Amino acid sequence: MHSKQKQLVEIIVELFGQAQLIANQKEIKLEIPRIATIDAIAKPLAKKYSELVGPVIKHNCIELQSSYIANLNGITLLSENSFELHDGDHILIFSSQAGG
Amino acid sequence: MMGGFGYHNKALHINLSNEQTQEVHIDNEVLDLIIGGTGLATYLLYKYCPTNAEPLEPSNPLIFASSPLVGTRLTTSSKFAIATKSPLTGFIGDSLSSSYMALELKKTGYDAIIISGKRKVPTLLTIENSLVRFMDAKQLLTKTTSQTEQQVKNLVGKKFSVCSIGPAGENLVRFASIANDGGRQAGRTGVGAVMGSKNIKAIAIHGTNKTNIYDESSINRIRENLHTKSLGPATEKYRTLGTISNMSVFNRLNVLPSYNFQQTKFENIEPITAEKTALTHKFGSAHCANCTIGCEKIFTSSSKSGSTIKSRLEYETAYALGPLIGISDPDTLIESSHLCDQLGLDTISTGATIAWAMESYEKGVLKQTDTDGLELYFGNEKIVPKLITMIAEQKGIGRLLSQGSKKSSEQIGESSDAWAMHVKGLEMPGYDPRKLKTMALGLAVSTRGACHNRSSAYESDFSFISNTQNDQLDKGIITKKSEDYSAVMDSLIWCKFVRKAFDDFYEESSYIYSSITGRECLPKQLEESGERINNLKKLFNIREGWDISDDTLPSRIFDSSNLNDSNQDDNLTRGELNTMISSYYIARGWTEKGTIPKSKIQSLSLDYILKK
């Protein structure tokens, strides 16, 4: 029998590009539910850095703008589905527009 | 005779050797099948390039092609295509450029200009509508691209748009570019060397012919709609920090090739990220003609000599002249980029060839006696600007490197081909294929060599597609579709940076095509044109000696043993690539050897148009 898992985990959000310049932060620590969806990241980010609302986070404060995507630990792209997080995980937020 | 709608229905063939010009009729039936831009240029290349022509010999044509969108003032549509047989690869060489040159080319009243033969003396070619003149250009020799453009405009008038080569093109550097309109470059595959081989230093073009649009009111409405969309989230990255913002992201994702692909992460990335240089270096945006996005970011640097240098910094340039050669000094990067543009060099091939030389030096294959005393170790920022100049001028070690990494390694031997990072002779762009597996396939099978733009296959690696369709067999279909999509974009021609502004690309683009030409065009037809154009490129390559061994990646890509990336579990293997290549051939309806069956050629009407 597994021991009871924590319901909240501490993660680090890494901002890139214009998002980083707008918030003037490269990394932001957040405490969010272990089983989460994007809104669990967008909401506290919007609350802490309201200047991200509009350019990076939609005005509903629960979704990223379509020009941004979130990636878990530099490996897994996060979709609208829920995902499991662990303490120390990194969520990368960057422009979805590749190319150059 | 005036052409129909959207096209002029003719090309101008200029024979430089005998100064003869000839108008060539192109009927709508052909144009509907190959569209324009890259499609039209490929079609003309197939017809006008003799089989097995030497790329730097007079018989290899240099083709400039316009497209149906030029002149509509739709955002990002002021583009033109160049095609020739590449001196770097021996296969199709095609490159795009943009801005006022595209508008003037279309206004000449021709859909394409075919230049064959060779001048005996350095020449400025002027084309004003149908009037072609050959002017002495001796006074322009050794001038940079911007000096040449300025002097030509002073000579023939500012109403002309000018494309030119720098010293690199004059000296037949195999990765020389053609510059136009203040520094825009048709950069890849050595088109500038072909122009240089013909003794053409510059081409000045001006026209007064209008192109008729069948349904002006529809185009006006679409223009306004696209204008609005092009200023929204669909282009946010390009409008704000530009493509150089890839640097920090790619580095974080371990897909930024560094030290000649020996690493996928660059430890000294910080000073050359967009986020940092935006704070440390003044920068502004620039636009091509009729573009609402303004992706070009022009950075200002104070050089060590005290002069101020302004240069565009794109991601590919920053990657190739930065991490790939171990450089993290932003001023060196800006100076190197500026030098390449002024001397007329493709920045990717320049950086990648220098990276090959640096590794050769560190391995002892090239010695200081070979390098004119230059210490070619990675990160030696002092020697990079000098080395770039030596390449352009074919001096010292520059003579060897001016051939590109493939031919340089063949000349030097000592197994140095093991670290010559190219596909088919074209140096690799900044997308490490070890993790970007759809991109890996796109790079391996691309007809022009290691190219990120002719398939844009990275798109699926950075999107959700790669998560949901992770099967290697699917990647063949994804790559085929993205190549066809890119061929349509490059033939209409749209800038790739506007692609996300479309809700349904084929639906909207076919409607636009019909509104311009007055001829019905269904989305499916446009998609099939993309397939046709890619098959035509491949047919050209097969004719010029392609075989299945050309569709591969450098062996280093399959060796992850020395990478500093801790996550190597899922890196590309040779077996995976071979499976993906097979799936791509199946998706294309080709044989297992990658050749095109007769039935495919017929079903795409390629046999028909090549007889016309």
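How many bridges join strand S14 (residues 296-302) of chain B to S15(B)? In this predicted model, the two strands are joined by 5 bridges and run antiparallel. Within the pairing, B:Ile298 has B:Arg312 of S15(B) as its bridge partner. Both strands belong to an open sheet of 3 strands, ordered S13-S14-S15 in chain B, with antiparallel pairing. Strand S13 (283-286) and strand S15 (308-312) are the edge strands, each pairing on one side only. Neighbouring strands of this sheet are turned by 25° against each other on average, direction ignored.

A helix covers part of this region. Helix H12 (residues 330-343) of chain B lies across S14 and S15 of chain B. The helix runs at about 70° to S15(B). The loop between S13 and S14 of chain B holds B:Asn290. Phi of B:Asn290 is near 60°, a positive value in a residue other than glycine. Most residues other than glycine have a negative phi, and most peptide bonds are trans. An exception to the second tendency is the peptide bond from B:Leu492 to B:Ile493, which is cis, with omega near -10°. B:Ile493 is found in the loop between helix H20 (472-492) and helix H21 (505-517) of chain B.

A second open sheet in chain B has 6 strands, in the order S8-S7-S12-S9-S10-S11. Its pairing is mixed. The edge strands are S8 and strand S11 (184-186) of chain B, and each pairs on one side only. The twist averages 20° from one strand to the next. At the S11 edge, 3 bridges join strand S10 (residues 178-180) of chain B to S11(B), and the two run antiparallel. There, B:Asn180 stands opposite B:Arg184 in S11(B).

At the S8 edge, strand S7 (residues 123-128) and strand S8 (residues 131-136) of chain B pair in the antiparallel sense over 6 bridges. S7(B) and S8(B) form a hairpin with 2 residues between them. B:Asn129 in the turn has a positive phi of about 55°. B:Glu128 stands opposite B:Leu131 in S8(B). B:Glu128 also forms a salt bridge with B:Lys159, with the closest N and O atoms 3.2 Å apart. The pair links distant parts of the chain, 31 residues apart. B:Glu128 sits in strand S7, whereas B:Lys159 is in the loop between helix H4 (145-156) and strand S9 (161-164) of chain B. Over all chains, the structure holds 41 salt bridges.

The contact between the chains was examined next. At this interface, 33 residues of chain B are in contact with 29 residues of chain A. The area buried between chain B and chain A is about 2,300 Å². Carbon and sulfur atoms give 57% of that area. Across the interface, the rule finds 2 salt bridges. One of them joins the side chains of A:Glu14 and B:Arg252 (2.8 Å, N to O). Between chain B and chain A, 4 residue pairs are in polar contact, both residues being at pLDDT 80 or more. On the side of chain B that touches chain A, the elements that give two or more residues are helices H8 (236-240), H9 (246-252), H10 (274-280), H11 (315-320), H18 (458-461) and H19 (465-468) of chain B. By class, that side has 14 nonpolar, 10 polar and 9 charged residues.

Note on methods. Residues numbered from 1 in each chain as written. Chains lettered and ligands numbered in written order. Heavy atoms only, no water. Contact = heavy atoms within 4.5 Å. Buried area = accessible area lost by both parts, 1.4 Å probe. Salt bridge = Lys/Arg side-chain N within 4 Å of Asp/Glu carboxyl O. Polar contact = N/O pair within 3.5 Å; in protein donor to acceptor, adjacent residues only side chain to side chain. Helix = DSSP H or I, 4+ residues; strand = E, 2+ residues; numbered from the N terminus. Nonpolar A, V, L, I, M, F, W, Y, C, P; charged D, E, K, R; others polar. Pairing = 2+ DSSP bridges. Axes fitted to C-alpha atoms, helices over the stretch in contact; angles between N-to-C directions.
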